[in-house]
Amino acid sequence: MTSNRWRLAWPWLALLLVALLGAWLRYGVVEPGSMAQQCGAGHAPWWCPWRQRLVLGFLHNVYGIAALIATALALVWKRPWLAWLAAALGIVALQLYCFESGALAALIGCLRLIRLQADGLPPRRPHRHDQQQVHTQP
């Protein structure tokens with residue numbers, strides 16, 4: 001890949017990593033009953049307070065609100081990193097049970113990122129030099 005293609009592709013690859021991290025948090029940390037049982041015991045492991053904060057975050061829609069704030073900022077300021085942040089927080093919110101706000105933030109963040117990336121590209125020429133022109137008269 002050329003450097004221009006890598007520059008355009010890396011935010012999308014990073015979003016894929018964020019989605020994998022969100023899936024791991026949901027299916028590996030939050031949902032397993034064995035994790036909840038370990039944290040409910042008298043001698044809870046060191047990571048139980050972190051899991052509890054993670055659960056409280058989606059119970060109080062913290063992830064959805066953070067995603068919507070990043071989305072509003074991405075719409076106000078035309079910065080690709082803000083659009084990426086809105087999409088990333090939207091994906092995490094979707095994974096962690098904040099469906100409505102997460103879906104809206106992921107959609108707007110991705111659309112905004114595409115638009116900002118397209119605006120940064122040089123304009124395309126309508127005709128290539130090697131393309132023959134068709135004339136209406138012989």
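Q: At its relative accessibility, does cysteine 48 count as buried or exposed?
A: This is a predicted model, in which local features need pLDDT of at least 70, side-chain atom pairs count only at pLDDT 80 or more, and totals for chains, interfaces and linings use all residues. Residues are numbered from 1 along each chain as its sequence is written, and side-chain values use heavy atoms, with hydrogens and water left out. Buried means under 20% relative accessible area, exposed over 50%, and partly exposed in between (1.4 Å probe, protein chains only). Cysteine 48 has 7% relative accessibility, so it counts as buried.

Q: Which helix holds cysteine 48?
A: Helices are DSSP runs (H or I, at least four residues), numbered from the N terminus, as are strands (E, at least two). By that numbering, the place of cysteine 48 is in helix H3.

Q: What does cysteine 48 touch, not counting residues up to four places away in sequence?
A: Contact means heavy atoms within 4.5 Å. With the sequence neighbours set aside, cysteine 48 touches Gln38 and Cys39.

Q: How many disulfides does a search of the whole structure find?
A: A disulfide is a pair of cysteine sulfur atoms within 2.5 Å. Cysteine 39 and cysteine 48 qualify, with sulfur atoms 2.1 Å apart. The count for the whole structure is one.

Q: Is the disulfide of cysteine 39 and cysteine 48 left-handed or right-handed?
A: The handedness follows from the torsion about the S-S bond. That torsion is about -90°, so the disulfide is left-handed.

Q: Why is the sulfur of cysteine 98 not in a bond, and how far is the closest cysteine sulfur?
A: The closest cysteine sulfur is in cysteine 110. It is too far for a bond, because the separation is 17 Å.

Q: Which of the terms buried, partly exposed or exposed fits cysteine 110?
A: Cysteine 98 has 3% relative accessibility and counts as buried. Cysteine 110 has 22%. Cysteine 110 therefore counts as partly exposed.

Q: How many residues are in the largest nonpolar core?
A: A nonpolar core is a set of buried Ala, Val, Leu, Ile, Met, Phe, Trp, Tyr and Cys residues joined through side-chain atoms within 4.5 Å. In the largest, Val30, Leu54, Phe58, Tyr63 and Leu96 have the most contacts inside the core. Helices H1 (3-30), H3 (48-59) and H5 (80-95) are the elements that give two or more residues to this core. Its residue count is 20.

Q: Which residues are in contact with phenylalanine 58, leaving aside neighbours within four places in sequence?
A: Phe58 is among the residues with the most contacts inside the largest core. Beyond its sequence neighbours, it contacts Val30, Tyr63, Leu96, Tyr97 and Cys98.

Q: How many residues does the second, separate core have?
A: Leu82, Ala83, Ala86 and Leu113 are included in the second core. Its full count is seven.

Q: What is the volume of the largest pocket?
A: On a 1 Å grid over the protein atoms alone, a pocket is an open set of points where a 1.4 Å probe fits, with protein on both sides within 12 Å along at least five of seven lines; lining residues have an atom within 4 Å of a point. Grid points are joined across faces, edges and corners, and a volume is the space filled by probe spheres set on the points. For the largest pocket, the volume is about 210 Å³.

Q: Which helix supplies the largest share of the lining of the largest pocket?
A: The lining consists of Arg7, Leu8, Trp10, Pro11, Pro80, Trp81, Trp84, Leu113, Leu116, Gln117 and Gly120. H1, H5 and helix H6 (99-119) each supply at least two residues. The largest share is four residues, and it comes from H1.

Q: How many residues of the lining of the largest pocket are charged?
A: Ala, Val, Leu, Ile, Met, Phe, Trp, Tyr, Cys and Pro count as nonpolar, Asp, Glu, Lys and Arg as charged, and the others, Gly among them, as polar. The lining has eight nonpolar residues and two polar ones. The charged count is one.

Q: Which helix gives the most to the lining of the second largest pocket?
A: This pocket holds about 160 Å³ of space. Trp24, Leu25, Val29, Met35, Trp46, Trp47, Trp50, Arg51, Arg53 and Leu54 line it. Eight are nonpolar, none polar and two charged. With four residues, the top contributor is H3.

Q: Which residues are in contact with valine 29, leaving aside neighbours within four places in sequence?
A: Valine 29 is found in helix H1. It is buried, with a relative accessible area of 12%. Its contacts are Trp24, Met35, Arg51 and Leu54.

Q: How far apart are the C-alpha atoms of cysteine 48 and threonine 71?
A: Threonine 71 is found in helix H4 (residues 62-76). It counts as buried, at 4% relative accessibility. Along the chain, the two residues are 23 apart; in space, their C-alpha atoms are separated by 31 Å.
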